[in-house]
Amino acid sequence: MSEKRLKRKIIKKKLFTKNRLVILNEDTFEEIFSLRLTLMNVFVVATIGALGIIFITTYIIAFTPLREFIPGYASTQLKKDATELALKSDSLSFALKKNEAYIQSIKKVLTGDLEYAKFNKDSIIASISEPVSEDELKPTAADLKLREEVEREDKYNLFEKAKPKVSAVLFPPVKGMITEKFNPQKKHYAVDIALAKNTPIKATMSGKVIFADWTPNTGNVVIIRHNNGFISAYKHAASLTVSQGDAVKTGEVIALAGSTGTESTGVHLHFELWKDGYPIDPSIFIEFE
């Protein structure tokens with residue numbers, strides 16, 4: 001037991017024995033700096049310094065931008081820029097797909113290579129004809145009773161006003177004789193109207209010119225995009241009076257009749273009307289003669 005006490009006293013004496021650290025001039029042995037300290041002081045100062053270094057390093061890594069210079073840590077700004085670029089690339093890819101689809105539809109308008117959709121006079125929307133049995137067409141007793149009541153009410157209704165059933169009115173681009181009708185079997189998705197040279201060609205509806213240029217097969221061509229999914233095309237013109245991007249009004253002169261392009265057989269207007277990407281017969285909605 002005495003040996004343990006002796007060892008403790010020796011260790012305590014070493015830790016708390018004051019020593020003097022002296023810095024001397026080598027040539028003159030003049031004392032420049034001196035410091036009295038113990039091993040315990042050295043241990044305490046070293047421990048506090050180590051803890052301070054650890055705290056400062058942790059603070060720099062956690063709360064300051066200096067951590068970006070440490071290998072393995074990514075930049076916050078770099079992550080933000082990468083996220084923004086990823087979102088922009090997605091938006092650009094989506095816009096590119098829309099533009100490609102739009103360009104393909106315009107290409108089909110120019111070439112006429114597209115399926116034919118059936119349309120009727122009462123609706124501009126494509127209709128599907130399905131067989132209906134005669135029994136389904138016969139009114140029921142409830143229908144007949146309802147019709148009688150409505151007929152009696154309408155008979156004495158003096159304030160009823162007629163409402164238009166059409167959502168768009170098409171203006172005839174020209175007046176003339178139709179030389180070739182709309183024929184989807186022959187891939188002729190237009191009507192050809194014979195005209196005198198330089199006859200003014202007018203816009204069938206207001207819209208924006210999306211194409212106005214010369215093509216080898218169809219000569220000078222104007223394509224106008226209208227509201228409600230309509231697109232009208234005017235081909236074989238002698239000259240154009242509008243440019244791509246122009247906004248035109250209904251009945252505004254957009255070109256002069258001519259016979260340009262390799263497919264033209266004489267002075268006429270090759271007029272096409274499209275709805276939602278499908279060609280429709282313009283003569284159903286427009287009186288040319």
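Ile23 has a relative accessibility of 42% and therefore counts as partly exposed, since the partly exposed class runs between the buried limit of 20% and the exposed limit of 50%. This residue sits in strand β1. The model is a predicted one. The points below cover a surface patch, the strand β11 and its partners, two salt bridges, and the nonpolar cores.

**Surface patch**
- Ile23 belongs to a nonpolar patch on the surface, together with Leu21, Ile32, Phe33 and Leu35.
- Together these residues have about 470 Å² of accessible area.
- At least two residues of the patch come from each of the strands β1 (19–24) and β2 (31–37).
- The most is given by β2, which supplies three residues.

**Strand β11: cover**
- Strand β11 spans residues 268–275, and eight of its eight residues are buried.
- In a regular strand, side chains alternate between the two faces of the sheet.
- One side of β11 carries His268, His270, Glu272 and Trp274, and these are all buried.
- The other side carries Leu269, Phe271, Leu273 and Lys275, which are buried as well.
- Lys275 counts as buried because its relative accessible area is 9%, and the limit for buried is under 20%.

**Strand β11: partners**
- β11 pairs with β4 in the antiparallel sense, over four bridges. Within this pairing, Ala194 has His268 of β11 as its bridge partner.
- β11 also pairs with β8 in the antiparallel sense, over six bridges. Here Lys235 has His270 of β11 as its bridge partner.
- With strand β12 (residues 278–280), β11 forms an antiparallel pairing over three bridges. Lys275 stands opposite Tyr278 in β12.
- The hairpin of β11 and β12 has two residues between the strands, and Asp276 takes a positive phi near 55 degrees in this hairpin.

**Salt bridges**
- Side chains of opposite charge can pair when their charged atoms come close.
- How many salt bridges does a search of the whole structure find? The search finds two.
- One of them joins the side chains of Glu272 and Lys235, at 2.9 Å from N to O. This pair links distant parts of the chain, with Glu272 in β11 and Lys235 in strand β8 (residues 230–240), 37 residues apart.
- Are Glu272 and Lys235 buried or exposed? Both residues are buried.
- Another salt bridge joins the side chains of Asp276 and Lys275, at 2.8 Å from N to O.

**Nonpolar cores**
- The largest nonpolar core has 28 residues. Which of them touch the most other members? They are Ile201, Ile224, Tyr234, Ile254 and Phe271.
- The elements that give two or more residues to this core are β4 (191–194), β6 (207–215), β7 (219–226), β8, β10 (253–257) and β11.
- Another core lies apart from this one and has eight residues, among them Ile210, Phe211, Val221 and Ala233.
- Leaving aside neighbours within four places in sequence, Ile224 is in contact with several residues, including Ala203, Val209, Phe230, Ile231, Val248 and Ile254.
- The contacts of Ile224 also include Gly207, Lys208, Ser232 and Tyr234.

Technical notes. Residues are numbered from 1 along each chain as its sequence is written. This is a predicted model: local features need pLDDT of at least 70, side-chain atom pairs count only at pLDDT 80 or more; totals for chains, interfaces and linings use all residues. Side-chain values use heavy atoms; hydrogens and water are left out. Patches are made of residues with over 30% relative accessible area and no salt bridge: like charges are joined within 9 Å, nonpolar side chains (Val, Leu, Ile, Met, Phe, Trp, Tyr) within 5 Å. Accessible areas come from the Shrake-Rupley method with a 1.4 Å probe; for residues, only the protein chains shown count as cover. A salt bridge is a side-chain nitrogen of Lys or Arg within 4 Å of a carboxyl oxygen of Asp or Glu. Buried means under 20% relative accessible area, exposed over 50%, partly exposed in between (1.4 Å probe, protein chains only). A nonpolar core is a set of buried Ala, Val, Leu, Ile, Met, Phe, Trp, Tyr and Cys residues joined through side-chain atoms within 4.5 Å. Contact means heavy atoms within 4.5 Å. Two strands pair if DSSP finds at least two bridges between them.
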